[in-house]
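Subject: Structure handover

Hello,

Here is the structure you asked for, with my notes on it underneath. Please read them with the model open beside you.

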Amino acid sequence: MNLDTAQVPEGRVHVIVERCKECNFCITYCPTDVLVYSEETNAKGYRYPEVAPGKEHSCVLCRFCDLICPELAIFTTDSQQAETPPAEHQGAQADDGQ
Ligand code: SF4
Ligand code: SF4
C-alpha cells in the first residue's frame with residue numbers, strides 16, 4: 001500500500017436518540033474519540049452521543065460504534081456517498097450527530 005496516496009474514509013455519524021440507553025460503549029471505544037455525551041437527554045432521561053466539537057471530520061468509518069451498540073442506536077455512513085442506512089436502522093428517526 002502506498003501511504004502517500006491512500007485515502008482514509010470519512011464517516012458521518014447518525015444517532016437514533018430515543019433508542020440510546022447511555023451505556024457509554026460507543027464513546028469509550030471509538031478509536032478516534034469522535035463522540036461525547038450530549039447536554040440534552042432523550043425522553044427516557046438518557047444522555048446520548050454526539051460528535052465532539054472539532055471532531056466533525058475525525059470519524060474514520062470503522063463502524064465499531066454501530067457494531068458495539070446494544071440498542072442499534074448509532075450508525076455511520078460514508079460522508080462522500082449517499083448511503084442507505086443499514087436495514088436494522090431503517091424506519092427510525094436519526095439525528096445527524098453533528
Ligand atoms: S465509525 Fe468508528 S471512528 Fe466513526 S464514530 Fe464510530 S467508532 Fe468512531
Ligand atoms: S452504544 Fe448505543 S446505547 Fe450505548 S451510549 Fe452509544 S448509542 Fe447509546
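Along the sequence, the elements of this predicted model come in the order β-α-β-β-α-β. That is two helices and four strands in total. The radius of gyration is 14 Å against the 13 Å that the globule rule gives for 98 residues, so the chain is as compact as a globular protein of that length. Along the principal axes, the C-alpha atoms occupy a box of roughly 50 × 25 × 20 Å. Of the 98 residues, 28% are buried. Among contacts with a separation of 6 or more, 68% are between residues 24 or more positions apart.

Strand E1

Strand E1 covers residues 11-15, and five of its five residues are buried. In a regular strand, side chains alternate between the two faces of the sheet. Here neither face is left open: Gly11, Val13 and Val15 are buried on one side, and Arg12 and His14 are buried on the other. The partner of E1 is E4, which runs antiparallel to E1 and is joined to it by five bridges. One of the bridge pairs is Gly11 with Asp78 of E4.

The core

Nonpolar side chains tend to be buried together in soluble globular proteins. In this chain the largest nonpolar core contains 17 residues. Those with the most contacts inside it are Val15, Cys26, Cys30, Leu35, Cys65, Ala73 and Ile74. E1, H1 and strand E4 (74-78) each contribute at least two residues to this core. Leaving aside residues up to four places away in sequence, Cys30 touches Leu35, Phe64 and Cys65.

The two ligands

Which residues are closest to ligand 1? They are Cys30, Cys59, Cys62, Phe64 and Cys65, out of 15 that surround this ligand. Strand E1 and helix H2 (64-68) each give at least two residues to the shell around ligand 1. By type, this shell has eleven nonpolar residues, three polar and one charged. Cys30 and Cys65 are thus listed both among the closest residues to ligand 1 and among those with the most contacts inside the core.

Ligand 2 is surrounded by 13 residues, with Cys20, Cys23, Cys26, Cys69 and Ala73 the closest. At least two residues of its shell come from helix H1 (25-29), and at least two from strand E3 (47-51). The shell around ligand 2 is made up of nine nonpolar residues, one polar and three charged. Cys26 and Ala73, named here as closest to ligand 2, also appear among the core residues with the most contacts.

Two backbone points

Most residues other than glycine have a negative phi. Two residues in the loops are worth a look on this count.

- Asp33 has a positive phi of about 50° and is not a glycine. Asp33 sits in the loop between H1 and strand E2 (35-41). Is Asp33 buried or exposed? With 11 other C-beta atoms within 10 Å, Asp33 counts as exposed, because the cut-off for that class is 12 or fewer.
- Leu61, also a residue other than glycine, has a positive phi near 60°. Leu61 belongs to the loop between E3 and H2. Leu61 has 18 other C-beta atoms within 10 Å and is therefore partly exposed, since a buried residue needs 20 or more.

Regards

Methods: Residues numbered from 1 in each chain as written. Chains lettered and ligands numbered in written order. Predicted model: local features only at pLDDT ≥ 70, side-chain atom pairs only at ≥ 80, totals over all residues. Near = placed C-beta within 6 Å. Nonpolar A, V, L, I, M, F, W, Y, C, P; charged D, E, K, R; others polar. Rg over C-alpha atoms; globule rule 2.2 N^0.38 Å. Contact = placed C-beta atoms within 7 Å. Core = buried A, V, L, I, M, F, W, Y, C linked by C-beta atoms within 7 Å. Pairing = 2+ DSSP bridges.
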